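Please open the structure in your viewer and keep the sequence panel beside it. The tour below moves from one selection to the next, and each stop says what is to be found there.

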Amino acid sequence: MGRAAPSCAAGAEQRRRRRLHPPPPPAALFLLFNVGLLLRTGDCQLQTPCRIQKCTTDFVSLTSHLNSALDGFDLEFCKALRAYSACTYRNSKVCRGNLVYHSAVLGISDLMSQRNCSKDGPTSSTNPEVTHDPCNYSGRIGARELRGGEQTPPTYLFCGLFGDPHLRTFKDHFQTCKVEGAWPLIDNNYLSVQVTNVPLVPGSSATATNKITIIFKSYQDCTEQKVYQAVTDDLPAAFVDGTTSGGDSDTKSLRIVERVSGRYVEMHARYIGATVFVRQVGRYLTLAIRMPEELAMAYEESQDLQLCVNGCPSSERIDDSGHLPLPVMGQLLPHAASTQPRSVYTLESATTKCHEKMLVKDIYFYSCVFDLLTTGDANFTAAAHSALQDVEALHPRKERWHIFPNSGNGDMGKNSKLSVSLGLVCLILVAFL
């Protein structure tokens, strides 16, 4: 093994000893001088190591909380990429022979091309005192965690309501409920969402949503209170006061984006990290929301009646333990009275119709079948499909996008098929009680 390079103290001791002996020839002095320079250069590199790992860690901390499906992702991601690039440039000399460094440089270039990021522009900073923005939840929580020495991204929750109506709670519980009239979906310290449901067909307890009211509560200097209200055939692209945003006109910590005129709007509340989708499909409305867990759970005891948090009261449930029974093709829909409209769908035709939009036979597929059998309205197929699209856009965990009915080991024998068929009949009868 080779000897380690002498330290600065050892070098001083050697120079002291050389003064006690006759000076060497000029050629030897020149050689010693150059060797000393090389050794000191090595010492300097040891004292200023390649910090590419720190650059990468900072980039991860700046981007780990970002969601590519949400508004503003490209802007924040490009800022983080430029900061990453600047960090690698500052380390270019000391990392010259580091393979990890060169891989990072190439990776940054590829990502900037993929995201169409310009090389010039604002950059993110890992200094929370510099980047702290009280009206940007992602930046605010990131700064708070950096001050605390943690790198854990915030947890987001999803809630959705569609169809007959079918509710997916923050806990990913799936329920089908009556809940006629006005009911609170969310009611915390930052946001309130209320839906109004009306009966679908005479004599049935099944309902659907025809009105949604959303209140974004005032928060510091980020936004004053804003109220949004949608009813059937009136899905506005503005709040009730006629504005389309809240807060500073430049930052727009709260804003409405119309995706399809009169049919689909999005609300992005940056100051609380929340995104809301509202759609009209057929004659009825659907809603999907994503927001941070810590804010969704920030409410008083008096605010515990929230369908997104605790689900529907047991007296309002018309599903079977959170899951709709699996249908069996060929069974006709029972009807309670001859005066009530009879569905034009059988289990077979409803299954075929829903399969046109949804290939995976999850709970959204079977909700579609149930709604067709209950109402005969083909628009509920599109409602279930758009609800699943909203899950894919907003739900933070891909492995939980699909919820499947309980079916034992997945094999359906004749006896189980019969019980499932009877279960669906009973479920639809309950809807008409």
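Begin by selecting glutamate 76, which counts as partly exposed because its relative accessibility is 23%; here buried means under 20% relative accessible area, exposed means over 50%, and partly exposed lies in between, with a 1.4 Å probe and protein chains only as cover. Before going further, note that this is a predicted model, in which local features need pLDDT of at least 70 and side-chain atom pairs count only at pLDDT 80 or more, while totals for chains, interfaces and linings use all residues. Residues are numbered from 1 along each chain as its sequence is written, and side-chain values use heavy atoms, with hydrogens and water left out.

**Salt bridges on the helices**

Keep glutamate 76 selected and add lysine 79, because side chains of opposite charge can pair when their charged atoms come close. Lysine 79 and glutamate 76 form a salt bridge whose closest N and O atoms are 3.8 Å apart, where a salt bridge is a side-chain nitrogen of Lys or Arg within 4 Å of a carboxyl oxygen of Asp or Glu. Both residues lie in helix α4, three residues apart, which is about one turn of the helix; helices are DSSP runs of H or I with at least four residues, strands are runs of E with at least two, and both are numbered from the N terminus.

Next select aspartate 74 and arginine 115, whose side chains meet in a salt bridge of 3.3 Å, N to O. Aspartate 74 lies in helix α4 (residues 73-90) and arginine 115 in the loop between α5 (99-114) and α6 (128-131), so the pair ties together parts that are 41 residues apart in sequence. Aspartate 74 is partly exposed, with a relative accessible area of 40%, and arginine 115 also counts as partly exposed, at 34% relative accessibility.

Now move to lysine 353 and glutamate 356, which form a salt bridge with the closest N and O atoms 3.8 Å apart. These two residues are separated by about one helical turn, because they stand three residues apart in helix α10 (residues 347-357). Is glutamate 356 buried or exposed? Glutamate 356 counts as exposed, at 57% relative accessibility, whereas lysine 353 is partly exposed, at 28%.

For a network of salt bridges, select Arg168, Asp172 and Arg400, which are linked in this way. The count of salt bridges comes to 13.

**The open sheet**

Switch to a cartoon view and look for the eight strands that form an open sheet with antiparallel pairing, in the order β3-β2-β1-β12-β11-β10-β9-β8. The edge strands are β3 (174-176) and β8 (245-246), each of which pairs on one side only; two strands are said to pair if DSSP finds at least two bridges between them.

Select β1 (residues 156-162) together with β12 (residues 284-292), and you have two strands that pair in the antiparallel sense over six bridges. Within this pair, the bridge partner of cysteine 159 is isoleucine 289 in β12.

Then select β10 (residues 264-269), a strand in which six of the six residues are buried. Which residues point each way from β10? Tyr264, Glu266 and His268 point one way, while Val265, Met267 and Ala269 point the other way.

Add β9 (residues 254-260), which pairs with β10 in the antiparallel sense over six bridges, and find arginine 255 opposite histidine 268. The hairpin of β9 and β10 has three residues between the strands, and in this hairpin glycine 262 takes a positive phi near 75°.

On the other side of β10, six bridges join this strand to β11, and the two run antiparallel, with methionine 267 opposite valine 276 in β11. β10 and β11 form a hairpin with four residues between them, where glycine 273 in the turn has a positive phi of about 65°.

**A last selection, then the whole chain**

Select phenylalanine 404, which is found in the loop between α12 (379-394) and α13 (414-431). Phenylalanine 404 counts as partly exposed because its relative accessibility is 46%.

Finally, show the whole protein chain, whose secondary structure comes to 13 helices and twelve strands. Of its 433 residues, 45% count as buried.
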